[in-house]
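Below is a short report on one structure. It covers strand pairing, a helix contact and the surroundings of a ligand.

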Amino acid sequence: MSLNIFGLDIGTAQFKMSYGDRILNEHNCIATSGREMVAFGDEAYDMFEKAPTNIKITFPVKRGVIADIEDMHILLKNFYLKINGARRPGRMTDFYIAVPNDVTEVEKRAFYELVVRSKIKCRHILVVDKPVADAAGAGVDVSRAKGIMIVNMGAGVTEVSVISFGGIVVSNSVNTGGDRMDESIIHAVRNEYNLEIGKKTAERLKQELAFVGKGEEKTFPGFGRNVLTGLPVSARISSRIICKAISEPITMITDKVRMILENTPPELSADIIKNGIFLTGGVSQIPGLKDHLFTETEIQVNMTQRPAESTVRGISLIAEKAEFNRLAYVPEERFA
Ligand SMILES: Nc1ncnc2c1ncn2[C@@H]1O[C@H](COP(=O)(O)OP(=O)(O)OP(=O)(O)O)[C@@H](O)[C@H]1O
Ligand SMILES: [Mg+2]
């Protein structure tokens, strides 16, 4: 009997789910009024910072781990129904879930339990280590390749890992990513322009203006409230301010990469030099980041196509290719 295969990568900012060749990638948030869900995903994010006081917008994943299991259940159910339009009833269903590495066993288990308790009828529920899925998504032959360094720069966490023959050799993460950059931007814009901006504007400014290293100075309008007069105003925000604001989180990330390189067994270091570092995650799209990392490490850096979706793409490949099957496992067997 043929299969319905679903892949899951539940991120701090974005919920990604694959089903066949479809990928759903929406904001991982929910809008509620009392106990009622008003909206979920991108629609809920549209309401964020704009909703009346009776509507609450919450993000159930904090720094890469599930913090609110109830809301996460509701979101999983709704995203599943949304991507599921073409699902053929009667087929068996398997779920493959990406789990972060540098978290506690309880936090890892929460991703698995989420699907187990969802009441979605499944034949198998399996997990895959996120760096392994990332490597597959970046086009690496994960089960055979040795000495692959993966740097996943997400919204809440940057995870740096070295994998070999489909397993993790060293991995560590730092609670820095896109969200930390947005907070820094809010601060910098307040100090420089006396302008109070929201998280959404900060994120937009990051995407429009941020770069690392050399780049042309440009400006972009930022809308907010003047902190002195209290009135709504707009100002042309300079890329110089944004680049300075993101420099500290960038340094934290490069420091972590260097630390992992220093902790990598020498034989694998030689392979990393040959293969290069693989960059994934939404934040890796900041222009100049690749060259900056090369300057800092003197190791060639490979970008991934559509990097925010590389984990879930990798999950699909691991689920579908027989030679990758051993990379997915049942948590009881490993977490026990
Ligand atoms: N073009 C871009 N330039 C800079 N940052 C970007 C760009 N596009 C998306 N981002 C940022 O990438 C982040 C989302 O990336 P991603 O989907 O990989 O994170 P996540 O999986 O939700 O988080 P995590 O893996 O930390 O739990 C957000 O902070 C977003 O602002
Ligand atoms: Mg992620």
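Strand 4 (residues 30-33) and strand 5 are joined by 4 bridges and run antiparallel. Strands here are DSSP runs of E with at least two residues, helices are runs of H or I with at least four, and both are numbered from the N terminus. Two strands count as paired if DSSP finds at least two bridges between them. Within this pair, Ile 30 lies opposite Phe 40 of strand 5.

This is a predicted model, in which local features need pLDDT of at least 70 and side-chain atom pairs count only at pLDDT 80 or more, while totals for chains, interfaces and linings use all residues. Residues are numbered from 1 along each chain as its sequence is written, and chains are lettered from A and ligands numbered from 1 in the order in which they are written.

Strands 4 and 5 belong to an open sheet of 3 strands, with the order 5-4-6 and antiparallel pairing. Strand 5 (36-40) and strand 6 (56-58) are the edges; each has a single partner strand, so one side of each has no neighbour in the sheet. On average, neighbouring strands of this sheet are turned by 30° against each other, direction ignored.

Another antiparallel pair is formed by strands 12 and 13. The two make a hairpin with 2 residues between them, and Phe 165 in the turn has a positive phi of about 50°. Ile 163 has Ile 168 in strand 13 as its bridge partner.

The two antiparallel pairs are listed here.

| Pair | Bridges |
|---|---|
| Strand 4 (residues 30-33) and strand 5 | 4 bridges |
| Strand 12 (residues 158-164) and strand 13 (residues 167-174) | 7 bridges |

Helix 4 (residues 130-137) packs against helix 10 (residues 310-320) at an angle of about 85°, with the axes 7 Å apart. Helix 4 is therefore roughly perpendicular to helix 10 (angles of 65 to 115 degrees). Axes are lines fitted to C-alpha atoms, for helices over the stretch in contact, and angles run from 0 to 180 degrees between N-to-C directions. In helix 10, 9 of its 11 residues are buried, meaning that 20 or more other C-beta atoms, placed from the backbone, lie within 10 Å of their own. Among them are Val 312 and Ala 319.

Around ligand 1 there are 21 residues, of which Gly 11, Thr 12, Gly 154, Gly 178 and Gly 282 come nearest; a residue counts as near if its C-beta atom, placed from the backbone, lies within 6 Å. Helix 5 (178-193) and helix 6 (199-209) each supply at least two residues of this shell. The largest share, 3 residues, comes from helix 6.

Notes:
Parallel < 35°, antiparallel > 145°, perpendicular 65-115°, else oblique. Buried ≥ 20, exposed ≤ 12 C-beta atoms within 10 Å, placed from the backbone.
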